[in-house]
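User: Got a minute to go through this one with me? I'd like to start with the aromatics and then move on to the sheet.

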Amino acid sequence: MTTPQPKAAAAAPPPGCPAHQAPVDVTPLYGSAVADDPHGLYARMRERHGAVAPIELEPGVEAWLVLGYAELLELTRNEQLFSKDSRRWRVPREGRLKPDSRLLPMTSWRPTLLNMDGAEHQRLRGAVAQTLARIDHRELRETTENAANSLIDSWGPDGTADLVSQYARRLPLLVFTRLLGLPAEAGPHLIELISHFVDSSEKSVRANAEFQAILVDLVKRRRAEPGQDLTSWLLAHPAGLSDEETVHHLVVILVAGNETTINWTGNTLRLLLTDRRFRSTLAGGRLTVSDALDEVLWRDPPTQNFPGRWATSDTVLGGQYISAGDLLVLGLAGANADPAVHGAGGPNAGHIGNRAHLAWGAGRHVCPAQHPARLIVETAVETLLHRLPDLQLAVPANELSWRPSPWSRALVSLPVLYSAFTPPRTPAPERPAWTPPTSAPRTTSTPTGSTPSEPTSTERTSDSAKPGRSSWWSSLAGWWSGR
């Protein structure tokens with residue numbers, strides 16, 4: 001990639017600069033167009049502009065959408081030319097971003113791993129990644145399955161349900177509130193707040209402020225009284241995060257984790273209910289839920305676009321001249337559909353077993369929570385299919401609608417019909433809590449030349465084996481459903 005020489009102040013603006021494009025050349029990335037047919041929209045933009053297309057995020061606010069697979073890799077791997085620091089954005093500096101802009105919650109600078117480069121990013125990313133690594137995956141699967149069964153049990157006897165509002169949107173917060181140490185009753189309100197600023201709605205700024213206030217209170221309580229939860233572990237990490245840094249990283253974990261999990265679950269269930277390849281082969285055993293998850297990450301990733309990178313100097317990307325301070329949006333769905341990576345089979349070919357998609361981003365800022373997210377979604381989908389084996393869509397597939405978000409790829413609803421419940425799997429009997437021996441401690445040795453293995457899960461707490469978990473989930477799910 002070449003970097004043009006700086007031009008004199010009196011020189012004409014370079015061709016392709018979004019700030020100087022005629023309005024007809026700039027594609028709005030808001031409203032119904034991005035929801036109704038994003039695949040067609042990205043294909044038309046690619047045909048017209050190539051791998052990098054000029055867009056408008058709201059009236060008068062321009063940016064670039066990176067649609068090329070190779071170009072997106074270049075964008076995410078070159079920190080010297082493309083920074084994560086949104087304070088470089090020239091639109092606010094030029095006074096062109098309104099104080100109540102709907103873009104603020106998704107583009108404002110925060111002291112998090114999302115907005116840092118270099119060593120500081122590595123410090124914060126290490127704290128978050130190592131904190132997430134302390135999650136016991138077996139415990140997480142059990143927690144997710146219990147929450148899923150309780151939600152399904154709370155549905156009425158009429159054989160109808162909305163898998164978005166009654167399942168996909170409720171289940172992750174049942175899990176995340178437990179992981180973070182939040183009170184369970186905060187879940188429904190958190191969902192509403194997150195939806196506002198992820199969709200860049202008219203309430204996004206107020207929702208963002210209220211959401212952070214809830215987390216500020218949580219951090220204060222966990223600083224004073226640590227527990228066995230992600231918030232306490234993040235506060236105790238050797239990286240020494242301040243309360244402010246911890247709050248902002250909880251925002252990242254909750255928003256990115258919750259929103260991604262909701263959309264991935266809903267989009268996977270839609271695929272299983274509408275695509276004959278999966279409907280016919282799942283029963284025959286050729287394809288698995290895991291295969292469906294990968295198909296969704298290629299075709300309808302839960303985050304279709306993400307801001308972003310900011311150019312540190314004038315440069316060229318994908319044949320477009322980029323000015324210093326320009327915002328470049330990661331077109332994750334568009335880059336996944338790049339014809340250059342699919343060959344003759346088109347964007348629907350070769351997805352099974354292929355995880356080279358860009359749904360999690362790329363480079364040093366690739367999502368650190370993809371493994372627990374996959375475990376939650378896979379468990380949620382498998383549990384639902386086990387409990388409701390005759391599940392079918394209640395409306396024609398073409399009547400399903402999508403939320404008008406420039407960032408998320410999310411269904412408004414997913415109404416289904418089913419005839420009867422299948423009883424949940426019999427849970428394994430609870431084991432009594434381990435009690436240390438009263439005799440003198442015995443030293444533990446390892447074979448000569450071997451190294452003790454690193455712990456792979458969190459230490460079981462003293463009350464983790466006590467009975468009553470299923471009743472806790474049942475009462476919580478019932479309360480959430482209005483019973």
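User: Is Trp360 buried or exposed?
Analyst: Buried: this is a predicted model, and in it Trp360 has a relative accessible area of 15%. That counts as buried because the cut-off is under 20%.

User: How many aromatic pairs are there in the whole structure?
Analyst: The search turns up 4 aromatic pairs. One of them is Trp264 with Trp360, edge-to-face, at 5.3 Å centre to centre and 75 degrees between the planes. That pair links distant parts of the chain, 96 residues apart: Trp264 is in helix H13, and Trp360 is in the loop between helix H16 and helix H17.

User: And Trp264, what's its relative accessible area?
Analyst: 0%, so Trp264 is buried.

User: Which residues form an aromatic cluster?
Analyst: Trp155, Tyr167 and Tyr418 form one.

User: Ok, cation-pi style stuff. Which ring does the charged end of Arg409 sit over?
Analyst: The ring of Trp402, 3.5 Å from its centre. Arg87 also has its charged end over a ring, that of Trp109, at 3.9 Å from the centre.

User: Switching to the sheet: what's the strand order?
Analyst: S1-S2-S3-S9-S6-S4, an open sheet of 6 strands with mixed pairing. Strands S1 and S4 stand at the edges with a single partner strand each, so one side of each has no neighbour in the sheet.

User: In what sense do S6 and S9 pair?
Analyst: Antiparallel, over 4 bridges. Pro307, for instance, has Val329 in S9 as its bridge partner.

User: Which strands does helix H3 lie across?
Analyst: S3, S4, S6 and S9, and helix H3 runs at about 120 degrees to S9. Helix H2 lies across S1, S2 and S3, at about 130 degrees to S2.

Terms used:
Residues numbered from 1 in each chain as written. Predicted model: local features only at pLDDT ≥ 70, side-chain atom pairs only at ≥ 80, totals over all residues. Heavy atoms only, no water. Phe/Tyr/Trp six-rings, centres within 6.5 Å; stacked < 30°, edge-to-face > 60°. Helix = DSSP H or I, 4+ residues; strand = E, 2+ residues; numbered from the N terminus. Buried < 20%, exposed > 50% of the residue type's maximum accessible area, 1.4 Å probe, protein only. Lys NZ or Arg CZ within 6 Å of the ring centre and 35° of its normal. Pairing = 2+ DSSP bridges. Contact = heavy atoms within 4.5 Å. Axes fitted to C-alpha atoms, helices over the stretch in contact; angles between N-to-C directions.
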